[in-house]
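Q: I'm new to this one, so could you take a close look at its largest pocket for me? I'd like to know what lines it and how it fits into the rest of the protein.

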Amino acid sequence: MNGPPVSQQARRRERLRAWKIMVREEAEKYWPPEQKAAIGPIMLKITYFYDSVAIDVDNIVKPIQDAIIGLAYIDDDQVTDVLVSKRNLLGNFRVENMTPTLAEGFSRGNEFLHIVVSEAPDQEVVI
């Protein structure tokens, strides 16, 4: 997702609605057409790569979670695990397991969100 996220607490609700639509459209580009929405527990991993002032990570999750309902999963109550992080593009960090999608984000040269939807970890294990 290109550009900075819009906070769940945005005062202009129409801006939040428009951003959710953009998230959905972007997710549809990368979601395999033959892959149906998951019916079991889901894990979201969201990384916000920013280059100026970053919003709080807790305000990033809900709009993204809502935007991909019906695409990645049937209902957002299936999301049992969420890992959200932010990294300054101007800082030092190492990327392990670079995917083509993540490399595409870096190649754009501006702020972006990288969102991974996967099967949730074993629900009977707490780390």
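A: Here is a walk through the pocket, with the overall fold to set the scene.

First, some ground rules: this is a predicted model, where local features need pLDDT of at least 70 and side-chain atom pairs count only at pLDDT 80 or more, while totals for chains, interfaces and linings use all residues. Residues are numbered from 1 along each chain as its sequence is written, and side-chain values use heavy atoms, with hydrogens and water left out.

Now the fold. The protein has three helices and three strands, and from the N terminus on they run α-β-α-β-α-β. Here helices (H or I, at least four residues) and strands (E, at least two) are DSSP runs, numbered from the N terminus. The radius of gyration is 15 Å, close to the 14 Å that the globule rule gives for 127 residues, so the protein is as compact as a globular protein of that length. That radius is taken over C-alpha atoms, and the rule is 2.2 Å times the number of residues to the power 0.38. The C-alpha atoms fill a box of roughly 40 × 35 × 30 Å along the principal axes.

On to the pocket itself. The largest pocket holds about 890 Å³ of space. Of its 34 lining residues, Lys45, Leu102, His114, Ile115 and Val116 are the closest to its centre. As for the terms, on a 1 Å grid over the protein atoms alone, a cavity is a set of points where a 1.4 Å probe fits but cannot get out, whereas a pocket is an open set with protein on both sides within 12 Å along at least five of seven lines; lining residues have an atom within 4 Å of a point. Grid points are joined across faces, edges and corners, and the volume is the space filled by probe spheres set on the points.

Who builds the wall? Helix H1 (13–30), strand E1 (42–50), strand E2 (79–88), helix H3 (100–108) and strand E3 (112–119) each give at least two residues to the lining. E3 supplies the largest share, with six residues.

By class, the lining has 19 nonpolar, eight polar and seven charged residues. Ala, Val, Leu, Ile, Met, Phe, Trp, Tyr, Cys and Pro count as nonpolar, Asp, Glu, Lys and Arg as charged, and the others, Gly among them, as polar.

One more stop is the loop between E2 and H3, where you'll find asparagine 97. Its phi is near 60°, a positive value in a residue other than glycine.
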